[in-house]
Amino acid sequence: AGHAGAISTSTATVPADHSSKPGIRSMMRQRFEKHMKDYPGTLTVVGGADFFGPHVTLTSFLGDTVTGKVVNGENALAIGSVTKIHDFCFSKDFANALAIV
């Protein structure tokens, strides 16, 4: 699967359900959108990609498999496709974004 191009607010999402991580994310998005429509100005949602940065090790896929291994003198484990884009979010930048919101 995966997306063929850039992801935007008009990109189709997976069905909302409890059977998968993408399904749960989709369900959360639908619930947040409904709340924001029903109660304008009462909810702000900020989303971030996989985190990396200071103090982000065992709570991040990138931290577990790449930076955590390198820091411990081990070989980094790279999993994924070289033809697919994957975003990572520097934890301090994300914290600054949250502070602004």
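**Exercise 1. Find out whether Ser 26 is buried or exposed, and list what it touches.**

Solution. Start with the relative accessibility of Ser 26, which is 4%, so this residue counts as buried. The cut-offs are these: buried means under 20% relative accessible area, exposed means over 50%, and partly exposed is in between (1.4 Å probe, protein chains only). Next, place the residue: Ser 26 lies in helix 1. Finally, look for its neighbours, where a contact means heavy atoms within 4.5 Å. Leaving out residues up to four places away in sequence, Ser 26 touches Thr 13, Val 14, Pro 15 and Ala 16.

A word on the model before going on: this is a predicted model, in which local features need pLDDT of at least 70 and side-chain atom pairs count only at pLDDT 80 or more, while totals for chains, interfaces and linings use all residues. Residues are numbered from 1 along each chain as its sequence is written, and side-chain values use heavy atoms, with hydrogens and water left out.

**Exercise 2. Describe the layout of the protein chain and say where confidence is highest and lowest.**

Solution. First, count the elements: the protein chain has 3 helices and 2 strands. Helices (H or I, at least four residues) and strands (E, at least two) are DSSP runs, numbered from the N terminus. Then read along the sequence, and the pattern is α-β-α-β-α.

Now turn to pLDDT, the predictor's confidence in each residue, from 0 to 100. The protein chain averages 81, and 88% of the residues score at least 70. Helix 1 has the highest confidence, at a mean of 91, and helix 2 (residues 61-71) the lowest, at 74. Where pLDDT is low, the predicted coordinates should not be read in detail.

To finish, add two totals. Of the 101 residues in the protein chain, 12% are buried. Among contacts between residues at least 6 apart in sequence, 41% join residues at least 24 apart.

**Exercise 3. Find the salt bridges and say how exposed their partners are.**

Solution. Begin with the rule: a salt bridge is a side-chain nitrogen of Lys or Arg within 4 Å of a carboxyl oxygen of Asp or Glu. Side chains of opposite charge can pair when their charged atoms come close. By this rule the count is 2 salt bridges.

Take Arg 29 and Glu 33, whose side chains meet at 3.0 Å, N to O. These residues are 4 apart in helix 1, so about one helical turn separates them. Arg 29 is partly exposed at 29% relative accessibility, and Glu 33 is partly exposed at 42%.

Move on to Asp 38 and Lys 34, with their closest N and O atoms 2.5 Å apart. Both lie in helix 1, 4 residues apart, about one turn of the helix. Asp 38 is partly exposed at 38%, whereas Lys 34 is exposed at 52%.

**Exercise 4. Which residues make the nonpolar surface patch?**

Solution. The patch is made by Ile 24, Met 28, Phe 32, Met 36 and Val 45, and covers about 390 Å². Patches are made of residues with over 30% relative accessible area and no salt bridge; like charges are joined within 9 Å, nonpolar side chains (Val, Leu, Ile, Met, Phe, Trp, Tyr) within 5 Å. Check one member: Met 28 is found in helix 1 (residues 21-38) and is partly exposed at 42% relative accessibility.

**Exercise 5. Work out what Ser 91 touches and how far its C-alpha atom is from that of Gly 48.**

Solution. Ser 91 is found in helix 3 (residues 91-100) and is buried, with a relative accessible area of 15%. Not counting residues up to four places away in sequence, Ser 91 touches Phe 51, Phe 52, Gly 53, Pro 54 and Val 56. Gly 48 lies in the loop between helix 1 and strand 1 (50-52), and is partly exposed at 45%. The C-alpha atoms of Gly 48 and Ser 91 are separated by 9.3 Å, with their positions 43 residues apart along the chain.

Methods:
Accessible areas come from the Shrake-Rupley method with a 1.4 Å probe; for residues, only the protein chains shown count as cover.
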